[in-house]
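Hi,

Here is the structure I said I'd pass on. Have a look at it first, and my notes on the aromatics and the main pocket follow below.

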Amino acid sequence: MLTDSPAYSGFSVDDPVAARRFYEETLGLRVTDEAMDGIMRLHLGGGTDVLVYAKADHAPATFTVLNFPVPDVEKAVDALVDRGVRFEHYENPPTDERGIMRAGGPLIAWFTDPAGNVFSVIQED
């Protein structure tokens, strides 16, 4: 029944104005408004879209809601730091002083949007 459905993901934010500014100005994403107030669509590579919606009682997810594959995590981290992004530091899995996890698997670094949602840049060859 759903095999051919063009499914998409979504997550909430508490301040859609701050979120949109971050997505457009800091991350450089293309963002459009949806017909309903408080809903925006992030247009990502490969024709993927993600809905972001305002929610008064928003609580950030405790997991990564959006991963951005990049060819070089170190360069991506440097570029995002230059744009004001702060990377998270974790003990498990361990991250280095730049916020990059190097303990097996692909290199990955996590950061949050203004609503506290966790995003990552993850190295893909």
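A quick word on terms before the notes: buried here means under 20% relative accessible area. Keep in mind too that this is a predicted model.

Aromatics first. There are seven aromatic pairs in the structure. One of them is Phe22 with Tyr23, an edge-to-face pair at 6.0 Å centre to centre with 70° between the planes. Phe22 and Tyr23 are both buried.

Another edge-to-face pair is Tyr90 with Trp110, at 5.4 Å centre to centre and 75° between the planes. This one links distant parts of the chain: Tyr90 sits in the loop between α2 and β6, Trp110 is in strand β7, and they are 20 residues apart. How do the two partners fare for burial, Tyr90 and Trp110? Trp110 has 10% relative accessibility, so it counts as buried, whereas Tyr90 counts as partly exposed because its value is 31%.

There's also one aromatic cluster made up of Phe11, Phe22, Tyr23, Phe68, Phe87, Phe111 and Phe119. And for a charge on a ring, check Arg41: it lies over the face of Tyr8, 5.5 Å from the ring centre.

Now the pocket. The largest one has a volume of about 170 Å³. Its lining consists of Leu27, Leu29, Phe68, Val70, Ala76, Leu80, Phe111 and Val121, with β5 and α2 being the elements that give two or more residues to it. By class, that lining has eight nonpolar residues, with no polar and no charged ones. Phe68 and Phe111 belong to the lining and also to the aromatic cluster.

Cheers

Key:
Residues numbered from 1 in each chain as written. Predicted model: local features only at pLDDT ≥ 70, side-chain atom pairs only at ≥ 80, totals over all residues. Heavy atoms only, no water. 1 Å grid on protein atoms, 1.4 Å probe; cavity = no way out; pocket = protein on both sides within 12 Å on 5 of 7 lines; lining within 4 Å. Points joined across faces, edges and corners; volume = space filled by probe spheres on them. Helix = DSSP H or I, 4+ residues; strand = E, 2+ residues; numbered from the N terminus. Nonpolar A, V, L, I, M, F, W, Y, C, P; charged D, E, K, R; others polar. Phe/Tyr/Trp six-rings, centres within 6.5 Å; stacked < 30°, edge-to-face > 60°. Buried < 20%, exposed > 50% of the residue type's maximum accessible area, 1.4 Å probe, protein only. Lys NZ or Arg CZ within 6 Å of the ring centre and 35° of its normal.
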